Amino acid sequence: EERPQKDARCMTLYRRRRIFELIEDNIAGGITVARLANEIGLSLGFFTRSFTAAVGRSPQQFIIDRRISRARAQLRDSSLSIGAIAFECGFSSHAHMSFQFRKYLSITPSQLRLNRSETADESR
């Protein structure tokens, strides 16, 4: 179909980089799809279609993916509490982060951290 290709062309490399940068810089805060669309001067609907066509994921799903990725790294590399990590990564609560982890990774943050510490113990 022609429309997704046309929509994807609107999401230039510059615009994608700008959006990715905004997401990374504001992951803990209230980054919204509407704000992202506004930042590059597109309507919410057109931005969502263009981003999805260009990236292969909706903007909201991309934000969740980035939050999960950052949380996984912090669970692995820091000793912060899971609740603190949840807030630093933009989840509304420990429970919200746990829900997203179970939904997308089929594991809870606590299980991931426990697996990390068991692996570290085995490597000693």
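In this predicted model, Phe47 is buried, and Phe51 is buried as well. Both residues belong to helix α4, which covers residues 44-55, and they sit four residues apart along that helix, about one turn of it. Their rings form an aromatic pair of the tilted kind, with 5.7 Å from centre to centre and 45° between the planes. The pair counts as tilted because 45° is neither under 30 degrees, the limit for stacked rings, nor over 60, the limit for edge-to-face ones.

This pair is part of a wider arrangement, since ring pairs link Phe47 and Phe51 with Phe20 and Phe62 into a cluster. In total, the structure holds four aromatic pairs. Another of these pairs joins Phe20 and Phe62, whose rings are stacked, with 4.9 Å between the centres and 20° between the planes. The pair links distant parts of the chain, for Phe20 lies in helix α2 (residues 13-25) and Phe62 in helix α5 (residues 59-77), 42 residues apart.

Are the two partners of this stacked pair buried or exposed? Phe62 has a relative accessible area of 14% and is therefore buried, the cut-off for that class being under 20%. Phe20, at 28% relative accessibility, lies between the limits of 20% and 50% and so counts as partly exposed.

The helices that carry Phe20 and Phe62 can also be described by how they meet. The axes of α2 and α5 come within 10 Å and cross at roughly 50°, which means that α2 is oblique to α5, as that angle falls between the limit of 35 degrees for roughly parallel axes and the range of 65 to 115 for roughly perpendicular ones. The crossing of these two helices, α2 and α5, is right-handed. On the side of α2, the contact is made by Phe20, Ile23 and Glu24, while α5 contributes Phe62, Ile63, Arg66 and Arg70. Sorted by class, the contact of α2 with α5 has four nonpolar and three charged residues, and no polar ones. Both members of the stacked ring pair, Phe20 and Phe62, thus appear among the residues that make this contact.

A further feature concerns the backbone in another part of the chain. Ser106 is found in the loop between α7 (94-105) and α8 (109-122). Its phi angle is near 60°, a positive value in a residue other than glycine. With a relative accessibility of 65%, Ser106 counts as exposed, because the limit for that class is over 50%.

Key:
Residues are numbered from 1 along each chain as its sequence is written. This is a predicted model: local features need pLDDT of at least 70, side-chain atom pairs count only at pLDDT 80 or more; totals for chains, interfaces and linings use all residues. Side-chain values use heavy atoms; hydrogens and water are left out. Rings of Phe, Tyr and Trp (its six-membered ring) pair if their centres lie within 6.5 Å; planes under 30 degrees apart count as stacked, over 60 as edge-to-face and the rest as tilted. Buried means under 20% relative accessible area, exposed over 50%, partly exposed in between (1.4 Å probe, protein chains only). Axes are lines fitted to C-alpha atoms, for helices over the stretch in contact, and angles run from 0 to 180 degrees between N-to-C directions. Angles under 35 degrees count as roughly parallel, over 145 as roughly antiparallel, 65 to 115 as roughly perpendicular and the rest as oblique. A crossing is left-handed if the near helix is turned anticlockwise from the far one by less than a right angle, and right-handed if clockwise. Contact means heavy atoms within 4.5 Å. Ala, Val, Leu, Ile, Met, Phe, Trp, Tyr, Cys and Pro count as nonpolar, Asp, Glu, Lys and Arg as charged, and the others, Gly among them, as polar.
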